[in-house]
Amino acid sequence: MMINQTILKEFILVGFSVYPHVQTALFVIFFCLYMFTLAGNLVIMGLTWVDRSLHAPMYFFLSALSFSETCYTLTIIPKMLVDLLDKDSHISVTGCGLQMCFFLGIGGTNCILLTLMGYDRFLAICNPLRYPLLMTNVACGQLVASAWVGGFFISLIETTLIFRVPFCIPNLIRHFFCHMRAVLRLSCTDSNFTEFIVTLMSASGLLGTFLLILLTYVFILSSVLKIPSAEGKQKAFSTCASHLTVVIIHFGFASVVYLKPENSGGDDTLIAVPYTVITPFLSPIIFTLRNKDMKNAFKKIMRKTVIMKK
């Protein structure tokens with residue numbers, strides 16, 4: 001085992017090489033989705049930066065989420081695209097550890113940011129008089145910073161636990177990125193306890209943030225139902241619709257990946273695609289198309305661009 005541990009300097013990502021006949025098609029599909037994802041997140045960050053009507057806490061958190069999701073996709077998709085065209089998909093042990101750390105850290109940050117967005121809507125609807133006092137620029141900045149710290153705190157613990165064990169040959173990771181379970185399967189020693197701990201930490205973080213969001217929406221719903229006018233109710237619900245849609249998609253796909261029993265069957269590579277590729281693609285689309293302020297800001301920028309060209 002010591003010899004294997006010494007020799008093992010890199011892993012081989014099996015990924016989609018088990019589907020050789022569709023790799024080119026997958027490259028084209030994933031590349032297009034990735035470009036649209038980047039464009040959508042850049043549009044959101046750009047609009048919230050230049051349009052004064054979007055200088056509000058809700059859009060500050062949305063911009064922070066877009067930045068986080070851009071970083072999230074950068075940790076996985078570029079490497080995956082290269083590997084789809086390359087027959088030898090190598091990654092160093094150090095590179096694998098860094099990829100896992102950033103993937104888990106930014107993924108955890110996304111969960112916390114979605115929770116903060118729910119908290120922001122809770123304060124705006126349930127406590128509108130104190131909302132401007134509580135959600136100052138400084139407070140919003142501190143909350144976003146705490147999301148990054150919290151996400152990477154858990155990530156560092158999980159990555160350290162996983163990479164403190166020795167790894168053996170064959171060094172084949174049956175995934176398209178350094179997924180926790182896929183890497184732990186290469187351990188020379190019994191890693192059941194380590195796998196249980198890191199899975200418990202991920203599941204607790206996932207369920208914990210989801211339950212907090214659920215709780216905020218229980219309070220939001222009770223407050224909205226007290227609004228006498230139908231127009232007022234619709235306006236209150238409209239500010240939450242896009243966030244709630246993204247929450248359902250994000251946590252729905254994530255639960256399939258992280259709460260799936262080890263021996264339940266299914267290809268882990270295909271199961272992870274919705275969470276790593278589809279969710280980041282859908283998120284900016286939902287936040288722009290289902291948000292009136294974002295659509296108005298985009299139309300305003302487009303009109304100015306047309307006028308400047310004339």
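**Stop 1: the largest pocket**

Start by selecting Lys-235, Ala-236, Ser-238, Thr-239 and Asp-293: of the 15 residues that line the largest pocket, these lie nearest its centre. Keep in mind as you click around that you're looking at a predicted model. Now colour H3, H4, H9 and helix H11 (292-309), since each of these elements gives two or more residues to the pocket's lining. Which element gives the largest share of that lining? It's H9, with six residues. The pocket has a volume of about 440 Å³. If you colour its lining by class, you'll get six nonpolar, four polar and five charged residues.

**Stop 2: the second largest pocket**

Next up is the second largest pocket, with a volume of about 340 Å³. To find its middle, pick Leu-104, Gly-108, Ser-202, Gly-205 and Leu-206, the closest to the centre among the 19 residues that line it. Then show H4, helix H6 (137-163) and helix H8 (192-224), which each give two or more residues to this lining. H4 provides the largest share here, six residues. Colour by class again and the lining splits into 10 nonpolar, eight polar and one charged.

**Stop 3: a closed space inside**

Pockets are open, but there are closed spaces to look for too. How many cavities of 30 Å³ or more does the structure hold? The count is three, and the largest of them contains about 90 Å³ of space. Select its lining: Met-58, Tyr-59, Leu-62, Met-117, Asp-120, Arg-121, Thr-239, Ser-242, His-243, Phe-287 and Asn-291. You've met Thr-239 already, as one of the residues nearest the centre of the largest pocket. Three helices each supply at least two residues of the cavity lining: H3 (57-85), H4 (93-126) and H9 (230-258). By class, five of the lining residues are nonpolar, four are polar and two are charged.

**Stop 4: a buried glutamate in H3**

Stay on helix H3 and zoom in on Glu-69. Is this residue buried or exposed? Glu-69 counts as buried because its relative accessibility is 4%, and the cut-off for buried is under 20%. Show what surrounds Glu-69: leaving out residues up to four places away in sequence, it touches Asn-41, Asn-110, Pro-280, Ser-283 and Pro-284.

**Stop 5: the nonpolar core**

Now select Phe-30 and Ile-173, the residues with the most contacts inside the largest nonpolar core, which has 81 residues. Take Ile-173 and bring up its partners. Not counting residues up to four places away in sequence, Ile-173 touches Phe-11, Ile-12, Leu-13, Val-14, Gly-15, Cys-96, Cys-178, Ala-182, Val-183 and Leu-186. Remember Leu-186, as you'll need it at the next stop.

**Stop 6: a loop with two faces**

Go to the loop between H6 and strand S3 (172-173), where you'll find Pro-170. Val-165 sits in the loop between H6 and S3 as well. Which of the two is buried, and which is exposed? Pro-170 counts as exposed because its relative accessibility is 54%, and exposed means over 50%. Val-165 has a relative accessible area of 9%, so it is buried.

Try the distance tool with Leu-186. Pro-170 and Leu-186 are 16 residues apart along the chain, and their C-alpha atoms are separated by 7.6 Å. For Val-165 and Leu-186 the gap is 21 residues in sequence and 9.5 Å in space, C-alpha to C-alpha. Val-165 also has contacts to show: setting aside neighbours within four places in sequence, it meets Ser-187, Thr-189 and Thr-194.

**Stop 7: what the record says**

Finish by adding the UniProt annotations. The unreviewed entry places "transmembrane region" at residues 25-47, 59-77, 97-119, 131-157, 196-224, 236-259 and 271-289. Select residues 97-119: in the model this span is 100% helix and 0% strand, and its end C-alpha atoms lie 33 Å apart. Residues 271-289 are also 100% helix and 0% strand, with 27 Å between the end C-alpha atoms.

Last of all, select residues 40-249, which the unreviewed UniProt entry annotates as "domain: G-protein coupled receptors family 1 profile". Here the model shows 78% helix and 2% strand. How far apart are the end C-alpha atoms of residues 40-249? They lie 17 Å apart.

Technical notes: Residues are numbered from 1 along each chain as its sequence is written. This is a predicted model: local features need pLDDT of at least 70, side-chain atom pairs count only at pLDDT 80 or more; totals for chains, interfaces and linings use all residues. Side-chain values use heavy atoms; hydrogens and water are left out. A nonpolar core is a set of buried Ala, Val, Leu, Ile, Met, Phe, Trp, Tyr and Cys residues joined through side-chain atoms within 4.5 Å. Buried means under 20% relative accessible area, exposed over 50%, partly exposed in between (1.4 Å probe, protein chains only). Contact means heavy atoms within 4.5 Å. On a 1 Å grid over the protein atoms alone, a cavity is a set of points where a 1.4 Å probe fits but cannot get out, and a pocket is an open set with protein on both sides within 12 Å along at least five of seven lines; lining residues have an atom within 4 Å of a point. Grid points are joined across faces, edges and corners, and a volume is the space filled by probe spheres set on the points. Helices (H or I, at least four residues) and strands (E, at least two) are DSSP runs, numbered from the N terminus. Ala, Val, Leu, Ile, Met, Phe, Trp, Tyr, Cys and Pro count as nonpolar, Asp, Glu, Lys and Arg as charged, and the others, Gly among them, as polar. UniProt positions are given in the numbering used here, feature names are shortened, and annotations may be inferred rather than shown by experiment.
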